[in-house]
Amino acid sequence: MVGRGRALEIVLGANDFDGDTAAQYGYVNRALPDKQLDSFVDALARRIATFDGRAIAAAKHLINQVSLPSADNLLSALNSFQTALTWPEALQRVKALLRQGLQQDRNFERQWPAILDSLVEK
């Protein structure tokens with residue numbers, strides 16, 4: 001959805017983006033201040049609820065047909081990811097992540113971009 005170039009930046013760069021950048025990239029629909037989020041979602045849900053259910057289902061079906069990958073492609077991507085997790089380099093990084101607090105430190109993900117470069121000794 002973000003385009004090939006930005007997808008490569010997101011996946012290969014493994015970095016975090018602020019809400020405005022994520023919205024600009026098409027990674028999220030929009031970035032809203034926290035105090036506006038609930039009212040925006042409520043208004044959108046109420047508006048959608050006024051439309052005919054069959055029309056909503058048909059619209060979602062059409063959008064899914066042109067924008068979602070096939071189940072075969074999803075399965076292939078999942079298999080590729082699982083295979084990559086068995087590579088020695090990946091196992092080395094996972095061990096380093098665990099040593100630095102993965103699945104132990106509640107704030108680990110907030111530190112992700114700062115520690116990413118230090119996971120493997122050069």
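Visitor: In which helix of this predicted model is Glu 9 found?
Guide: The structure shown above is a predicted model. Within this model, the element that holds Glu 9 is helix H1.

Visitor: Is Glu 9 buried, partly exposed or exposed?
Guide: Buried means under 20% relative accessible area and exposed means over 50%, with partly exposed in between. The relative accessibility of Glu 9 is 37%, so this residue counts as partly exposed.

Visitor: Which residues does Glu 9 touch, not counting residues up to four places away in sequence?
Guide: Glu 9 itself is found in helix H1. With residues up to four places away in sequence not counted, Glu 9 touches Ala 14, Phe 17 and Tyr 25.

Visitor: Where does Ala 14 lie?
Guide: Ala 14 is one of the residues that Glu 9 touches. Although Ala 14 is not a glycine, it has a positive phi of about 50 degrees. Its place is the loop between H1 and helix H2 (19-25).

Visitor: Is Ala 14 buried, partly exposed or exposed?
Guide: The range for partly exposed residues lies between 20% and 50% relative accessible area. Ala 14 has a relative accessibility of 24%, and therefore it counts as partly exposed.

Visitor: Is Tyr 25 buried or exposed?
Guide: Tyr 25 lies in helix H2. The cut-off for a buried residue is under 20% relative accessible area. Tyr 25 has a relative accessibility of 14%, so it counts as buried.

Visitor: Which residues does Tyr 25 touch, not counting residues up to four places away in sequence?
Guide: Glu 9 touches Tyr 25, and Glu 9 accordingly appears among the contacts of Tyr 25. With residues up to four places away in sequence left out, Tyr 25 touches Val 2, Arg 6, Glu 9, Ile 10 and Phe 17.

Visitor: What distance separates the C-alpha atoms of Glu 89 and Glu 9?
Guide: Glu 89 lies in helix H6, whereas Glu 9 is found in helix H1. Along the chain, Glu 89 and Glu 9 are 80 residues apart. Their C-alpha atoms are separated by 21 Å.

Visitor: Is Glu 89 buried or exposed?
Guide: A residue is exposed when its relative accessible area is over 50%. For Glu 89 the relative accessible area is 52%, so this residue is exposed.

Visitor: What is the volume of the largest pocket, and which residues are the closest to its centre?
Guide: The largest pocket has a volume of about 490 Å³. There are 14 residues that line this pocket, and the closest to its centre are Phe 81, Leu 85, Ala 90, Arg 93 and Trp 112.

Visitor: Which element gives the most to the lining of the largest pocket?
Guide: The elements that give two or more residues to this lining are helix H1 (4-13), helix H5 (71-84), helix H6 (88-100) and helix H7 (108-116). By class, the lining has twelve nonpolar, no polar and two charged residues. The element that gives the most, with five residues, is H6.

Visitor: Which element gives the most to the largest nonpolar core?
Guide: In soluble globular proteins, nonpolar side chains tend to be buried together. The largest nonpolar core here has six residues, namely Ala 96, Leu 97, Phe 108, Ile 115, Leu 116 and Leu 119. H6 and H7 each supply at least two residues of this core. The element that gives the most, with three residues, is H7.

Visitor: Which residues does Phe 108 touch, not counting residues up to four places away in sequence?
Guide: Phe 108 belongs to the largest nonpolar core, as do Leu 97 and Ile 115. With residues up to four places away in sequence not counted, Phe 108 touches Leu 97, Gln 100, Gly 101, Leu 102 and Ile 115.

Visitor: Is Gln 103 buried or exposed?
Guide: Gln 103 is found in the loop between H6 and H7. It has a positive phi of about 65 degrees although it is not a glycine. Its relative accessible area is 74%, so Gln 103 is exposed.

Visitor: Which element of the chain has the lowest mean pLDDT?
Guide: The chain averages a pLDDT of 89. Helix H3 (residues 34-49) has the highest mean among the elements, 97. The lowest mean pLDDT, 78, belongs to H7.

Definitions and conventions. Residues are numbered from 1 along each chain as its sequence is written. This is a predicted model: local features need pLDDT of at least 70, side-chain atom pairs count only at pLDDT 80 or more; totals for chains, interfaces and linings use all residues. Side-chain values use heavy atoms; hydrogens and water are left out. On a 1 Å grid over the protein atoms alone, a cavity is a set of points where a 1.4 Å probe fits but cannot get out, and a pocket is an open set with protein on both sides within 12 Å along at least five of seven lines; lining residues have an atom within 4 Å of a point. Grid points are joined across faces, edges and corners, and a volume is the space filled by probe spheres set on the points. Helices (H or I, at least four residues) and strands (E, at least two) are DSSP runs, numbered from the N terminus. Ala, Val, Leu, Ile, Met, Phe, Trp, Tyr, Cys and Pro count as nonpolar, Asp, Glu, Lys and Arg as charged, and the others, Gly among them, as polar. pLDDT is the predictor's confidence in each residue, from 0 to 100. A nonpolar core is a set of buried Ala, Val, Leu, Ile, Met, Phe, Trp, Tyr and Cys residues joined through side-chain atoms within 4.5 Å. Buried means under 20% relative accessible area, exposed over 50%, partly exposed in between (1.4 Å probe, protein chains only). Contact means heavy atoms within 4.5 Å.
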